[in-house]
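Please work through the exercises below with the sequence and the model side by side, and try each task before reading its solution.

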Amino acid sequence: MLKRPISGIDTGLLLKDAGKLLPAPSRRLFLRQMAGLGSLVALTGCSVTDSSSAEVLLRTVSAYNDWVQARLFSPDRLAPEFSRAEITDPFPFNAFYGEEDAPEVDVADWQLAVGGLVADKSAWTLDRLDALPTRSQITRHVCIEGWSAIGEWSGPPLADFLRLVGADLSARYVGFRCEDRYVTSLDMPTALHAQTLIVTKFAGKTLPRKYGFPIKVRVPTKLGFKNPKHVNELWVTNDYPGGFWEDQGYNWFSGL
Ligand SMILES: Nc1nc2c(c(=O)[nH]1)N[C@H]1C(S)=C(S)[C@@H](COP(=O)(O)O)O[C@H]1N2
Ligand SMILES: [Mo]
């Protein structure tokens, strides 16, 4: 696949890493069409002399990819929805720890903190969230680790919530922090997407502990790691918030 080997670098591993930095559709394109590091170098004008400049190069490609994807993202394009018969049962669990370590939240103590560029920073209880109009949808969750599953999630659209609290809708990001200290963030157009929900119910019932009780944010236009569970803080900002996996090199936009 490679036109010319570069000394000191395991080019096969490097390409595998490069692939990981890119979301699925671009990753496939990348692996199928890239002639290897030669064309990567031609594309960016950087030369790869050691693994740290290779890393810089790959991050440049990933950042460029975020930029392209953000511009291609159409707020009107909907993720496919499925029938009840297509639901995956049992639905897989995933987190950066095992299922038995999923946070146990006492809803009496729980609040959703709201901060950043919003007019009303008052915290939300689950009852208050439950009083908002909800939407239900059956969509496919796609994990970067190579599995996908179809489930039914319901709750108030995040867009309605952001409008209600007087969020600055021209801000760039919405950040999320969770009970397990997981963090992720969305671009504002995705946060305002019609299918992006503050989920309070899974399969029509109270969201189970392992799937994010009391709330998760379901984003069917993004990879699974951009769907935070056990969210207890949300903030609107123009400062790049990053995230747990994003900070370890996963492509930030990660659209589907
Ligand atoms: N708080 C929190 N949210 C999280 C994660 C996590 O570790 N902690 N993992 C993410 C990843 S990688 C995936 S695939 C999904 C898994 O959600 P599930 O358990 O409902 O399948 O949750 C996402 N949200
Ligand atoms: Mo994931």
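The exercises that follow concern a predicted model, and they deal in turn with aromatic rings, a ligand and salt bridges.

**Exercise 1. Describe the aromatic pair of phenylalanine 91 and tryptophan 153, and state where its two partners lie and whether they are buried or exposed.**

Step 1. A pair of aromatic rings is described by the distance of the centres and the angle of the planes. For phenylalanine 91 and tryptophan 153 the centres are 5.4 Å apart and the planes stand at 90°. Planes over 60 degrees apart count as edge-to-face, so the pair of phenylalanine 91 and tryptophan 153 is edge-to-face.

Step 2. Phenylalanine 91 belongs to the loop between α4 (51–72) and β1 (113–116), while tryptophan 153 belongs to strand β3 (residues 147–155). With these positions 62 residues apart, the pair links distant parts of the chain.

Step 3. A residue is buried if its relative accessible area is under 20%. Phenylalanine 91 has 9% and is therefore buried, and tryptophan 153, with 1%, is buried as well.

**Exercise 2. Which residues are linked by ring pairs into a cluster, and which rings have a charged residue over them?**

Step 1. The structure holds 20 aromatic pairs. Ring pairs join Phe96, Tyr97, Tyr182, Phe225, Phe244, Trp245 and Tyr250 into a cluster.

Step 2. The ring of tryptophan 124 has the charged end of arginine 128 over it, at 3.8 Å from the ring centre. Over the face of phenylalanine 253 lies lysine 222, at a distance of 3.2 Å from the ring centre.

**Exercise 3. Find the residues that come nearest to ligand 1, and describe the contacts made with its oxygen atoms.**

Step 1. There are 19 residues around ligand 1, and those that come nearest are Pro92, Asn94, Asp180, Asn227 and Lys229.

Step 2. Proline 92 places a backbone N or O atom 2.7 Å from an oxygen atom of ligand 1, and a backbone N or O atom of asparagine 94 lies 3.0 Å from an oxygen atom of the ligand. In lysine 229 it is an N or O atom of the side chain that lies 2.6 Å from an oxygen atom of ligand 1.

Step 3. On its own, ligand 1 has 540 Å² of accessible area, and the protein covers 99% of that area.

**Exercise 4. Take three of the 6 salt bridges and say where their partners lie.**

Step 1. Side chains of opposite charge can pair when their charged atoms come close. In the salt bridge between glutamate 99 and lysine 210, the closest N and O atoms are 3.6 Å apart. Glutamate 99 is in the loop between α4 and β1, and lysine 210 in the loop between β8 (205–206) and β9 (216–218), so this pair ties together parts that are 111 residues apart in sequence. Glutamate 99 is partly exposed at 39% relative accessibility, and lysine 210 is partly exposed at 28%.

Step 2. Arginine 177 and glutamate 233 form a salt bridge whose closest N and O atoms are 3.0 Å apart. Because arginine 177 lies in strand β4 (residues 173–178) and glutamate 233 in strand β10 (residues 231–237), the pair ties together parts 56 residues apart in sequence. Arginine 177 is partly exposed, with 31%, and glutamate 233 is partly exposed, with 26%.

Step 3. Glutamate 246 and lysine 226 meet in a salt bridge at 2.8 Å, N to O. Glutamate 246 is in the segment after β10 and lysine 226 in the loop between β9 and β10, 20 residues apart; both of these residues are buried.

Notes: Residues are numbered from 1 along each chain as its sequence is written. Chains are lettered from A and ligands numbered from 1 in the order in which they are written. This is a predicted model: local features need pLDDT of at least 70, side-chain atom pairs count only at pLDDT 80 or more; totals for chains, interfaces and linings use all residues. Side-chain values use heavy atoms; hydrogens and water are left out. Rings of Phe, Tyr and Trp (its six-membered ring) pair if their centres lie within 6.5 Å; planes under 30 degrees apart count as stacked, over 60 as edge-to-face and the rest as tilted. Helices (H or I, at least four residues) and strands (E, at least two) are DSSP runs, numbered from the N terminus. Buried means under 20% relative accessible area, exposed over 50%, partly exposed in between (1.4 Å probe, protein chains only). A charge sits over a ring if NZ of Lys or CZ of Arg is within 6 Å of the ring centre and within 35 degrees of the ring normal. A residue is near a molecule or strand if one of its heavy atoms lies within 4 Å of it. A polar contact is a pair of N or O atoms within 3.5 Å; within protein, one must be able to donate a hydrogen and the other to accept it, and residues adjacent in sequence count only if both atoms are side-chain atoms. Accessible areas come from the Shrake-Rupley method with a 1.4 Å probe; for residues, only the protein chains shown count as cover. A salt bridge is a side-chain nitrogen of Lys or Arg within 4 Å of a carboxyl oxygen of Asp or Glu.
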